Amino acid sequence: MPISAGKIETPSANVLFLRDLLTVEEAAERLNPTPKTVRKLCLSRRLTAIRVQRSWRIPLAALDEFLLERLILRV
């Protein structure tokens, strides 16, 4: 059955949020702690992440959010 043009939807913001996923090791390279620390951040839910079987995937947008929340502005 062909799909009509009316049924095709644009991706929602949530789908775009999950587009670029990083592994724990890739996130650790960007943040500079050990991968174990990144896993702890995921487990404590301080860093938004997705559990895929036994591994974590961190959206790039969530990593940016995490860093922006901890940004100390110059006075």
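**A three-stranded sheet, a helix across it, and two salt bridges**

Let me begin with the sheet, which is open and has three strands in the order β1-β3-β2, paired in antiparallel fashion. Strands β1 (21–23) and β2 (50–52) stand at the edges with a single partner strand each, so one side of each has no neighbour in the sheet. From one strand to the next, the twist averages 40 degrees.

Before I go on, I should say that this is a predicted model, in which local features need pLDDT of at least 70 and side-chain atom pairs count only at pLDDT 80 or more, while totals for chains, interfaces and linings use all residues. Residues are numbered from 1 along each chain as its sequence is written, and side-chain values use heavy atoms, with hydrogens and water left out.

As for terms, helices (H or I, at least four residues) and strands (E, at least two) are DSSP runs numbered from the N terminus, and two strands pair if DSSP finds at least two bridges between them. Angles run from 0 to 180 degrees between N-to-C directions, with axes taken as lines fitted to C-alpha atoms, for helices over the stretch in contact.

Looking at one pairing in the sheet, β1 and strand β3 (residues 55–59) run antiparallel and are joined by three bridges, and L22 stands opposite I58 in β3.

Now to the helix: α4 lies across β1 and β3, running at about 70 degrees to β3, where contact means heavy atoms within 4.5 Å. Which residues of helix α4 are buried? In this helix (residues 60–69), they are A62, L63 and F66, buried meaning under 20% relative accessible area, exposed over 50%, and partly exposed in between, with a 1.4 Å probe and protein chains only. These three residues lie on the same side of α4, because they cover an arc of only 100 degrees around the axis, the arc being that of the directions from the helix axis to the C-beta atoms.

Finally, the salt bridges, each defined as a side-chain nitrogen of Lys or Arg within 4 Å of a carboxyl oxygen of Asp or Glu; by this rule there are two. In one, R39 pairs with E25, the closest N and O atoms being 3.4 Å apart; this pair links distant parts of the chain, with R39 in helix α3 (residues 35–43) and E25 in helix α2 (residues 24–31), 14 residues apart. R39 is partly exposed at 34% relative accessible area, and E25 is partly exposed at 40%. In the other, E69 pairs with R70, with closest N and O atoms 3.2 Å apart; E69 is exposed at 56% relative accessibility, whereas R70 is partly exposed at 41%.
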